[in-house]
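Got your viewer open and a hand on the mouse? Let's take a walk through this protein, one selection at a time.

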Amino acid sequence: MISLHGLTKEFPGGVRALDALDLEIADGEFFALLGPSGCGKTTLLRTIAGLETPTSGRVTIGSAEVTGLPPGRRDVAMVFQDYALFPHMDVTANIAYPLKIKKVPRPEREAKAGETASRLSLSELLTRRPGQLSGGQQQRVALARAIACHPSAFLFDEPLSNLDARMRLEARTFLKRLQRELAVTTVFVTHDQGEALAMADRIAVMSAGRIMQVGTPREVFQRPADTFVASFIGSTPMNLLPGVVKDGTLRVAGAVLPLPPGLADGEEIVYGLRPEYMDLTATPREDGFAGHVSVVENLGTSYLVTLEVRSESGDLLVQAVVPEDAEPATGAAACAVPRHPRALVYREGKLVTT
Ligand SMILES: Nc1ncnc2c1ncn2[C@@H]1O[C@H](COP(=O)(O)OP(=O)(O)OP(=O)(O)O)[C@@H](O)[C@H]1O
Ligand SMILES: [Mg+2]
């Protein structure tokens, strides 16, 4: 288990990379830290590893507070984005290196390295140097090096970002299966929301040194706690349409939309709905957004359709995902109709829960 209490990190020059952050990561959990560039993900991971000293706050691993301990005494293994392999050492020596530091006798550490290499399908490559390996193979060597010393936690900083799209998908499945087998607590940093949704048991979405939401992939996808998370999660961005409450409904761009109870007349809200939860009809409807198709993007088994909708406050863009057999023509008239149970309402940026 990893606990962080009131963790703050200020760098010289006044950058506050972590801002009074609290977080609990459960034993054996696959936990993703997700957020845009510069939000503090690497700083958080390095603080858990002991490579950064927090300005204030505490780090606990298992039952012991480790805030003041050097990295070598924390029993965690970090895998860096660039793998940080030793170029002059072969695969065996790279994997065995942490065991050498721990003064494990040579025959024992080489046996252990061989065993771990075989688990990661590296047995044929033991005598090669990193320069003679593909990106995916180098990544597996870095993983093997982390696994070989049986740490109580793995810390991964964007470990898949150097792989091409196809390798990335393979490595994702592989890594998830491996983590299940080993059942070791894993903190995985990524700026790729798809990767976090696909791999993690729980996700913390970060922005500017703070955690905006912690939840299962399902929770953060279906009920984003604020408009930042709503716009960050999802392969197509959520429609976020501002409007004013009138008689328990929302009127935006000609559409009259039912709202959950408890919203007062005149309140300014944002109506959030994923394009996947929007149907497209050819004829206009009162509970939909009528407009013209301006862009059609092929997603493989579906299309992302962008509608230009006239509204009081200028043109509004509304997106819908339609099945592959329902491709509309660019320029055609169409109406995007929300599936209401999926709609979310945000007030002052925060999800209104009813
Ligand atoms: N050693 C440092 N000195 C000063 N500022 C730093 C230092 N390291 C990081 N920062 C700043 O702290 C903030 C968080 O950086 P961090 O590397 O943790 O972001 P990140 O979320 O990992 O971003 P990325 O996705 O680009 O890797 C940034 O504003 C960064 O410029
Ligand atoms: Mg980083």
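Start with residues 268-273, which are strand β14, and add residues 344-347, strand β20: the two run antiparallel and are joined by three bridges. Keep in mind as you click around that this is a predicted model. Now pick out Tyr271 and look across to β20, where Val345 stands opposite.

**Zoom out to the whole sheet.** β14 and β20 belong to an open sheet of six strands, and the pairing in it is antiparallel. Colour the strands one by one in the order β13-β12-β11-β14-β20-β21. In general, strands of a sheet pair through backbone hydrogen bonds, so try switching those on in your viewer. Next, select 255-258 (β13) and 350-351 (β21), the strands at the edges. Why does each of them have one side without a neighbour in the sheet? Because β13 and β21 each have a single partner strand.

**Next stop: Val318.** You'll find Val318 in strand β18, residues 314-323. Is Val318 buried or exposed? Val318 is buried, because 26 other C-beta atoms lie within 10 Å, and 20 would have been enough to count as buried. Show its contacts, skipping the neighbours within four places in sequence: Asn239, Phe289, Gly291, Leu307, Val309 and Ala336. Then try the distance tool on Val318 and Thr306: they are 12 residues apart in sequence, and their C-alpha atoms are 5.8 Å apart in space.

**Colour by domain.** The domain assignment gives domain 1 as 2-232 and domain 2 as 239-351, so give each its own colour. Their centres, taken over C-alpha atoms, are separated by 39 Å. Look at where they touch: seven residues of domain 1 are in contact with eight residues of domain 2. On the domain 1 side, that patch has three nonpolar, two polar and two charged residues.

**Click on Asp226.** Asp226 sits in the loop between α7 (217-222) and α8 (227-232). How does Asp226 count, with 17 C-beta neighbours inside 10 Å? That number makes Asp226 partly exposed. Setting aside neighbours within four places in sequence, Asp226 is in contact with Met212, Gly349, Lys350 and Leu351. Now add Arg347: Asp226 and Arg347 are 121 residues apart along the chain, with 8.9 Å between their C-alpha atoms.

**On to another sheet.** Six strands make up an open sheet in the order β6-β7-β8-β3-β9-β10, and the pairing here is mixed. Select 76-79 (β6) and 210-215 (β10) to see the edge strands, each of which pairs on one side only. Ignoring direction, neighbouring strands of this sheet are turned by 15° against each other on average. Inside the sheet, select β3 (residues 30-34) and β8 (residues 185-190): they run parallel, with five bridges joining them. One pair to label is Leu34 and its bridge partner in β8, Thr190.

**Last stop: ligand 1.** Select ligand 1 and show what surrounds it: 13 residues, of which the closest are Phe11, Ala17, Ser37, Thr42 and Thr43. β2 (15-25) and α1 (41-49) each supply at least two residues of this shell. Which of the elements gives the most to the shell? That is α1, with three residues. Finish by colouring the shell by class, and you should find four nonpolar, eight polar and one charged residues.

Definitions and conventions
Residues numbered from 1 in each chain as written. Chains lettered and ligands numbered in written order. Predicted model: local features only at pLDDT ≥ 70, side-chain atom pairs only at ≥ 80, totals over all residues. Helix = DSSP H or I, 4+ residues; strand = E, 2+ residues; numbered from the N terminus. Buried ≥ 20, exposed ≤ 12 C-beta atoms within 10 Å, placed from the backbone. Contact = placed C-beta atoms within 7 Å. Near = placed C-beta within 6 Å. Nonpolar A, V, L, I, M, F, W, Y, C, P; charged D, E, K, R; others polar. Pairing = 2+ DSSP bridges. Axes fitted to C-alpha atoms, helices over the stretch in contact; angles between N-to-C directions.
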